[in-house]
Amino acid sequence: MGSEGLLRTPELRQYVLETSVYPRELELLKELRTVTATHPMGIMATDADAGQMLAMLLEMINAKKAIEIGVFTGYSLLLTALTIPHDGKIIAIDPDQEAYDIGLPFIKKAGIGHKINFINSGAQPVLDKLLENPDEQDSFDFAFVDADKVSYAKYHEKLLKLVKIGGIIVYDNTLWMGTVAMEEESVPEMLRESRHCMRELNKLLAADDRVRICQLPSGDGMTICRRLC
Ligand code: SAH
Ligand code: CA
């Protein structure tokens, strides 16, 4: 993400962060954000403003049971685990153990490790396994998807069976650095495949009457879906 995010100017983004976001960001999240910024892929981490929105949603629906696909160093995971109640649970899936290990000391320091079940794997087989268990079906309050863009449409079908009616699924990066609205030829080659996936996903979600949707420009674009039926 460029420093302006998707807002009109970098100054406006900075204004939002400094006025409304950073003063409220928990110390441990700040620390993890600072450490993650030194990682070569640090730009992938959830932005603090997007995190603030996730925490608001989690609280509004009293989320107790959550699932996260795409953990990286764990900013959104730490935030989720800090926000849900003491007996809340979150299944967190990512094949990158090394990145997860960077965030692990912060999880331990926060004393919220008991809420987290980290699964070191690609998400697809884990979701399939969960779906085999009737106790897991329709049981999650909240899902956050922030992983391989090519799989979002597949995750959507599976998550609609795991998240309960009234529950929330949030998809991250749905505006893909603004490239979704650009001509393909003007988009750098390395961004094209995910741009295509996000464009397809946005159409699919808009046409899916099983969910209410809300497209936000926070971070790199986030789409909130609420399961209706
Ligand atoms: N939510 C994180 C950022 C995630 S970045 C944060 O707040 O910092 C995207 C992550 O998706 C990477 O860590 C990558 O390893 C993971 N990923 C890629 N393919 C995946 C898959 N098939 N299943 C689950 N995670 C995947
Ligand atoms: Ca992301």
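1. Tyr152 and Tyr171 are both buried. The model is predicted. The two tyrosines form an aromatic pair of the tilted kind, with 5.6 Å centre to centre and 40° between the planes. Tyr152 lies in helix α7 (residues 152-162) and Tyr171 in strand β5 (residues 163-172), so the contact ties together parts that are 19 residues apart in sequence.

2. How many aromatic pairs does the structure hold? There are two aromatic pairs. Tyr100 and Phe118 form a stacked one, at 3.7 Å centre to centre and 5° between the planes. This pair links distant parts of the chain. Tyr100 sits in helix α5 (residues 97-110) and Phe118 in strand β3 (residues 116-119), 18 residues apart. Tyr100 counts as buried because its relative accessibility is 7%. Phe118, at 16% relative accessibility, also counts as buried.

3. Strand β1 (residues 65-69) contributes Lys65. The charged end of Lys65 sits over the ring of Phe140, 4.4 Å from the ring centre. Lys65 also forms a salt bridge with Glu136, where the closest N and O atoms are 2.7 Å apart. Glu136 is in the loop between α6 (123-132) and β4 (140-145). The Lys65 and Glu136 pair links distant parts of the chain, 71 residues apart. Is Glu136 buried or exposed? Glu136 counts as buried, at 17% relative accessibility.

4. The whole structure contains 15 salt bridges. One of them joins the side chains of Glu31 and Lys109, at 3.0 Å from N to O. This bridge connects helix α2 (residues 27-36), which holds Glu31, to helix α5, which holds Lys109. The two residues are 78 residues apart. Glu31 counts as partly exposed, at 27% relative accessibility. Lys109 has 58% relative accessibility, so Lys109 counts as exposed.

5. Helices α6 and α7 are also bridged. Asp128 forms a salt bridge with Lys158, and the closest N and O atoms are 2.9 Å apart. Asp128 lies in helix α6 and Lys158 in helix α7, so this pair ties together parts that are 30 residues apart in sequence. Asp128 counts as partly exposed because its relative accessibility is 33%. Lys158 counts as buried, at 18% relative accessibility. The cut-off matters for Lys158: buried means under 20% relative accessible area.

6. A network of salt bridges links Arg13, Asp47 and Asp49.

7. Which residues are the protein donors of the calcium ion (ligand 2)? They are Asp146, Asp172 and Asn173. Asp146 is listed twice, each time through OD. Asp172 donates through OD and Asn173 through OD1. The donors lie 2.2 to 2.9 Å from the ion. Along the chain, the donors of this calcium ion follow the spacing D-x25-D-N.

8. The calcium site draws on distant parts of the chain: Asp146 is in the loop between β4 and α7, and Asp172 in strand β5, 26 residues apart. Asp146 counts as buried, at 14% relative accessibility. Asp172 has a relative accessible area of 6%, and so is buried.

Conventions
Residues numbered from 1 in each chain as written. Chains lettered and ligands numbered in written order. Predicted model: local features only at pLDDT ≥ 70, side-chain atom pairs only at ≥ 80, totals over all residues. Heavy atoms only, no water. Phe/Tyr/Trp six-rings, centres within 6.5 Å; stacked < 30°, edge-to-face > 60°. Helix = DSSP H or I, 4+ residues; strand = E, 2+ residues; numbered from the N terminus. Buried < 20%, exposed > 50% of the residue type's maximum accessible area, 1.4 Å probe, protein only. Lys NZ or Arg CZ within 6 Å of the ring centre and 35° of its normal. Salt bridge = Lys/Arg side-chain N within 4 Å of Asp/Glu carboxyl O. Donors = N, O, S within 2.8 Å, 3.2 Å for Na, K, Ca; no water.
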